[in-house]
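The following exercises are to be worked with the sequence and the model in view. Each task is followed by a solution in steps.

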Amino acid sequence: MSVRLSLALAAVLALASGGAALACSCAPKHIPGAAEMRKLAPVIFTGVARASRMIDATAIETTFEVTEAFQGVAAGERVVVSHPAPKPGSCGVGFTVGETHTLGAHRGAGGRGLSANLCTLWMFIADDDGKLIGALRRR
């Protein structure tokens, strides 16, 4: 397991411990199966983060080039995902430009725009053996 993945998993496990100071309320109970994940997130994809910009002190927009589409988008599409900035005790996430990430996302009001947070992607961080992604590929 890579150091980056280990650190991310440690952060997820810290959320699961239910510390009183944590504001994020999606403490993981289990890694969902593919069918459950499809119900939880209308958009699921793997993509390369191509650009990221601060919207304000608490929010970021990251542009992804979709490399593998599981639901709600097409491979090759460029999508912009709004997400909270990573801060202690929040559900914020950070995406490194140039790196590949797998995430679930929700559509904004009127089906416009996408949003994500730790609650829509922790299961992919914890899926270090690739079972969830493999199940999504089998459809």
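**Exercise 1.** Which backbone oxygen does the side chain of glutamine 71 reach, and at what distance?

*Solution.* The model is predicted: local features require pLDDT of at least 70, side-chain atom pairs count only at pLDDT 80 or more, and totals for chains, interfaces and linings use all residues. Residues are numbered from 1 along each chain as its sequence is written, and side-chain values use heavy atoms, with hydrogens and water left out.

Step 1. Locate the residue: glutamine 71 belongs to strand S2. Strands (E, at least two residues) and helices (H or I, at least four) are DSSP runs numbered from the N terminus.

Step 2. Identify the acceptor: the glutamine 71 side chain reaches the backbone oxygen of alanine 41 at 2.7 Å. A polar contact is a pair of N or O atoms within 3.5 Å; within protein, one must be able to donate a hydrogen and the other to accept it, and residues adjacent in sequence count only if both atoms are side-chain atoms.

Step 3. Describe the surroundings: leaving aside neighbours within four places in sequence, glutamine 71 is in contact (heavy atoms within 4.5 Å) with Arg38, Ala41, Pro42, Val43 and Ile44.

Step 4. Assess the exposure: with a relative accessible area of 18%, glutamine 71 is buried. Buried means under 20% relative accessible area, exposed over 50%, and partly exposed in between (1.4 Å probe, protein chains only).

**Exercise 2.** Describe the aromatic pairs of the structure and the parts of the chain that they link.

*Solution.* Step 1. Count the pairs: there are two. Rings of Phe, Tyr and Trp (its six-membered ring) pair if their centres lie within 6.5 Å; planes under 30 degrees apart count as stacked, over 60 as edge-to-face and the rest as tilted.

Step 2. Classify phenylalanine 45 with phenylalanine 64: the ring centres are 5.5 Å apart and the planes stand at 70°, so this pair is edge-to-face. Because phenylalanine 45 lies in strand S1 (residues 43–54) and phenylalanine 64 in strand S2 (residues 59–71), the pair ties together parts 19 residues apart in sequence.

Step 3. Classify phenylalanine 64 with phenylalanine 95: this pair is also edge-to-face, at 5.1 Å centre to centre and 80° between the planes. Phenylalanine 95 sits in the loop between strand S3 (78–84) and strand S4 (100–107), 31 residues from phenylalanine 64.

Step 4. Combine the pairs: Phe45, Phe64 and Phe95 are linked into a cluster by ring pairs. Phenylalanine 45 is buried at 0% relative accessibility, and both phenylalanine 64 and phenylalanine 95 are buried.

**Exercise 3.** Which residues touch the most other members of the largest nonpolar core, and which element gives the most to this core?

*Solution.* Step 1. Identify the residues: in this core of 32 residues, they are Phe45, Phe64, Val79, Val81, Leu103 and Phe124. A nonpolar core is a set of buried Ala, Val, Leu, Ile, Met, Phe, Trp, Tyr and Cys residues joined through side-chain atoms within 4.5 Å.

Step 2. Assign the elements: those giving two or more residues to this core include helix H2 (34–40), helix H3 (122–126) and helix H4 (131–138). H3 gives the most, with five residues.

**Exercise 4.** How do S1 and S5 each pair with S4?

*Solution.* Step 1. S1 and S4 pair in the antiparallel sense over six bridges; pairing requires that DSSP find at least two bridges between the strands. Isoleucine 44 has glycine 104 in S4 as its bridge partner.

Step 2. S4 and strand S5 (residues 114–115) are likewise antiparallel, over two bridges, and histidine 106 stands opposite serine 115 in S5.
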